[in-house]
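Trainee: I'm new to this one and would like a close look at a single part, the inside of the protein. Could you walk me through what fills it?

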Amino acid sequence: MRGGNLWQLGQSITRRLAQAEKKNITRRCFASDADLKKTALYDFHVAHGGKMVPFAGWSMPIQYKDSIMDSTLNCRENGSLFDVAHMCGLSLKGKDCIPFLEKLVIADVAGLAPGTGCLTVFTNEKGGAIDDSVITKVTDEHIYVVVNAGCRDKDLAHIEEHMKAFTSKGGDVSWHIHDERSLLALQGPLAAPVLQHLTKEDLSKMYFSDFHVLDINGATCYLTRTGYTGEDGFEISVPSENAVDLAKAILEKSEGKIRLTGLGARDSLRLEAGLCLYGNDMEQHITPIEAGLTWAVGKRRRAEGGFLGADVILKQIESGPSIRRVGIFSSGPPARGHSEIQNDKGENIGEVTSGGFSPCLKKNIAMGYVKSGNHKSGTKLKIVIRGKAYDGAVTKMPFVATKYYKP
């Protein structure tokens, strides 16, 4: 791979992350390093050559000494360890925590088996996405939720507002925000065999979206078999005072094959996996149906509704949305966010929301929204970049096959 394309890849990822941050943060401050929040692993990142950048009010590593391309490929071939402690974990507890949460999200939370979870979307009254989130039913009276860093303030305000109204009518629900814990994401083919060295629990019996509370490297952790890369892996909520020791232990047990990996490769990996980045591919005016997440609306929820914006969302399920999120292969330079999408007659039919060069496929990939009728795989498109139209085509996602560990 030539240096010019590596530079393009880095620039593309940096732009996408910056776009998402600008949209997610109501008030953007170009703060000094001293004003940025730091995770428990900040010094560890710096000591390992992490290039720290502002992201959602935090100082986070965008990459380390290797290139974003090398980091992306190593995750798929061996494994990566990400610090995602800027994200917000919280617990909802009480005998009414499930009916409370079901007023705010599209998932069939009640239908989850204890110790399992799913991707869901917090919606507004118009059916738009406030945020996407991974939720887990720990027990019938305990739900564990992880929300995006850039959406933390608005998500917590939204939950709190509805919780006050719910409890004022006698509902039994309370919450705890896990600011005392850090979150690590261990992803890739070596994730399970390496983590197995650090826990007595048999991880071969833990499948995609399963959740366990267990001892890892001497600390009580919340372990979810999930991730944001398309690879098998885990998200590990660990007490912050144990986070550095756990990171060291994971890297040591992998014998150098699992590497610390930054936001740059994380974005490249999630794009290859066809996963949305909130602020780019999902926003408050985009519904889950338009975003291609119809499968996330539980069967019972489709029948009963009962969540914010249900009338809009259920109508779209029945009649179809006017726009749809699609995957795109394109020629020429990598597509950027807001690049115009045209049909073969040169008519505007949508725009790109995320795009870049795929390290694994060695070609340009993108996601965007097009008018319904132009969304079928194989449909020919034009992508306008810097005033010039380049050939493209709709393709199925994920771009790179997922490897989730399922029974």
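**A look inside**

Mentor: Let's start with the cysteines: the count of disulfides here comes to zero. Keep in mind as we go that this is a predicted model. Take C88: its closest cysteine sulfur belongs to C151 and sits 11 Å away, too far for a bond, because a disulfide needs the two sulfurs within 2.5 Å. C88 counts as buried, at 1% relative accessibility. C97 is in no disulfide either, and the nearest cysteine sulfur, in C118, is 14 Å off. C97 is buried too, with a relative accessible area of 0%.

Now for the nonpolar cores. In soluble globular proteins, nonpolar side chains tend to be buried together. Here the largest nonpolar core has 29 residues, and the members that touch the most others are L81, I216, L223, F234, I236 and I250. Several elements give two or more residues to this core: strand 9 (181-187), helix 6 (191-196), strand 10 (211-216), strand 11, strand 12, helix 7 (243-253) and strand 13 (258-260). Helix 7 has the largest share, with six residues.

L81 is a good place to zoom in. Once you set aside its neighbours within four places in sequence, L81 is in contact with L184, A185 and L186, then with A247, I250 and L251, and also with I258, R259, L260 and T261. Apart from that core lies another one, of 25 residues, and here we meet C97 again: it is among the members, along with A107, V109 and L156.

What about empty space? The structure holds three cavities of 30 Å³ or more, and the largest has a volume of about 60 Å³. Its lining is made up of V134, Y144, V146, L183, Y222, T224, T226, E235, I236 and S237. Strand 7 (142-147), strand 11 (219-224) and strand 12 (233-239) are the elements that give two or more residues to that lining. Strand 12 gives the most, three residues. By type, the lining residues divide into six nonpolar, three polar and one charged.

One residue ties two parts of this tour together. I236 is among the core members that touch the most others, and I236 also lines the largest cavity. Likewise, strand 11 and strand 12 both give two or more residues to the largest core, and both do so for the lining of the largest cavity. If you want somewhere to begin turning the model around, try I236, then move to L81 and follow its contacts to I250 and L251.

How values were computed
Residues are numbered from 1 along each chain as its sequence is written. This is a predicted model: local features need pLDDT of at least 70, side-chain atom pairs count only at pLDDT 80 or more; totals for chains, interfaces and linings use all residues. Side-chain values use heavy atoms; hydrogens and water are left out. On a 1 Å grid over the protein atoms alone, a cavity is a set of points where a 1.4 Å probe fits but cannot get out, and a pocket is an open set with protein on both sides within 12 Å along at least five of seven lines; lining residues have an atom within 4 Å of a point. Grid points are joined across faces, edges and corners, and a volume is the space filled by probe spheres set on the points. Helices (H or I, at least four residues) and strands (E, at least two) are DSSP runs, numbered from the N terminus. Ala, Val, Leu, Ile, Met, Phe, Trp, Tyr, Cys and Pro count as nonpolar, Asp, Glu, Lys and Arg as charged, and the others, Gly among them, as polar. Buried means under 20% relative accessible area, exposed over 50%, partly exposed in between (1.4 Å probe, protein chains only). A nonpolar core is a set of buried Ala, Val, Leu, Ile, Met, Phe, Trp, Tyr and Cys residues joined through side-chain atoms within 4.5 Å. Contact means heavy atoms within 4.5 Å.
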